[in-house]
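This briefing concerns the structure shown below. It takes up a pocket, the overall fold and the buried interior in turn.

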Amino acid sequence: MIMLGKDVIDKTIVHVEDDQEKAKVKDLLIRKDRPEMAYLTFDLKIPSGEIGENEDGRGALDTVRAGGGVKPATWNINQGTAPPEVTPSAGGEKRFFLIPKEQIERISSNAVVMSGTEVQEESREIDCYSYSLLKDREIETEDGETLGKIKDIVIEEREKKIIGFKLSEGFWEKLIGDGTKYMSYDGIIEWKDDKIIVKASVKDQLVDEYEQLV
């Protein structure tokens with residue numbers, strides 16, 4: 001099944017052995033070294049004391065702040081979601097967690113189905129591209145022509161691969177007034193901080209529907 005990134009964000013997360021809602025997808029992280037999903041992220045309000053210590057005896061907050069070779073904290077998602085009214089002052093706080101690609105069994109029309117129970121706490125050491133931060137990044141050919149801006153990513157659900165991008169506001173919008181095109185991931189030459197450089201030939205390979213990328 002082919003889908004857009006926006007179809008995954010805010011989707012309910014359930015366990016393969018339990019259809020009870022655990023959380024909702026907050027973001028999607030893409031590997032920098034290959035075109036595939038690395039993690040889905042979610043946040044929860046966790047009551048104090050419900051995240052155990054790491055192997056070195058330090059708690060989760062200490063682990064995240066320390067960085068550098070310290071094993072990230074984990075939390076058992078089957079402990080359940082804390083009530084929304086829980087706040088830090090009431091003895092809890094919002095924490096961000098990662099579901100690895102390997103634990104994502106499937107992404108259906110109404111839920112993300114995961115396996116396993118231990119999820120890793122998000123840290124600044126995760127070397128991935130964030131879906132939410134990719135949007136509006138420019139796509140530029142190697143000879144300097146702007147093809148458009150990223151408006152979404154295209155995902156192949158079974159393998160969790162990123163197969164392309166939805167573009168708008170670029171070359172085609174100026175030419176014919178239709179600013180929506182889809183670009184294959186294969187044309188990428190280089191990722192920069194503010195743009196992505198692609199082969200010049202990509203301009204002639206843009207398609208009208210994301211299903212055409214397969």
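In this predicted model, the lining of the largest pocket is made up of seven nonpolar, two polar and five charged residues. The pocket has a volume of about 230 Å³. The points below are grouped by topic.

**Largest pocket**

- The lining comprises 14 residues, and those nearest the centre of the pocket are Lys32, Cys128, Tyr129, Ser130 and Leu133.
- Two elements, strand 11 (128-130) and helix 2 (131-134), each contribute at least two residues to this lining.
- Strand 11 provides the largest share, with three residues.

**Overall fold**

- Three helices and 17 strands are present in the protein.
- The protein has 214 residues, of which 46% count as buried.
- Among contacts with a separation of 6 or more, 58% join residues 24 or more positions apart.
- About 11200 Å² of the protein is exposed, and 43% of this area is supplied by carbon and sulfur atoms.

**Nonpolar cores**

- In soluble globular proteins, nonpolar side chains tend to be buried together.
- The largest nonpolar core here contains 37 residues, and Val8, Leu28, Ile153, Phe165 and Met183 have the most contacts inside it.
- Apart from this core lies another, of seven residues, including Leu4, Val154, Tyr182 and Val207.
- Beyond its neighbours within four places in sequence, Val8 is in contact with Met3, Val25, Leu28, Leu40, Ile107, Val112 and Ile155.

**Met37 and its surroundings**

- Met37 belongs to strand 5 (residues 37-47).
- With a relative accessible area of 0%, Met37 falls under the 20% cut-off and therefore counts as buried.
- Although Met37 and Ile162 are 125 residues apart along the chain, their C-alpha atoms are separated by 6.7 Å.
- Ile162 is also one of the contacts of Met37 outside its neighbours within four places in sequence; the others are Leu28, Leu29, Arg31, Lys101, Ile104, Ile107, Ile155 and Lys160.

**Lys160, a buried charged residue**

- Lys160 is located in the loop between strand 13 (146-156) and strand 14 (161-168).
- Lys160 counts as charged, yet Lys160 is buried because its relative accessible area is 4%, under the 20% limit.
- Leaving aside neighbours within four places in sequence, Lys160 is in contact with Glu36, Met37, Lys101, Ile104 and Glu105.
- Lys101 and Ile104 appear among the contacts of Lys160 and also among those of Met37.

Note on methods. Residues numbered from 1 in each chain as written. Predicted model: local features only at pLDDT ≥ 70, side-chain atom pairs only at ≥ 80, totals over all residues. Heavy atoms only, no water. 1 Å grid on protein atoms, 1.4 Å probe; cavity = no way out; pocket = protein on both sides within 12 Å on 5 of 7 lines; lining within 4 Å. Points joined across faces, edges and corners; volume = space filled by probe spheres on them. Helix = DSSP H or I, 4+ residues; strand = E, 2+ residues; numbered from the N terminus. Buried < 20%, exposed > 50% of the residue type's maximum accessible area, 1.4 Å probe, protein only. Contact = heavy atoms within 4.5 Å. Areas by Shrake-Rupley, 256 points an atom, 1.4 Å probe, with all protein chains shown as cover. Core = buried A, V, L, I, M, F, W, Y, C linked by side-chain atoms within 4.5 Å.
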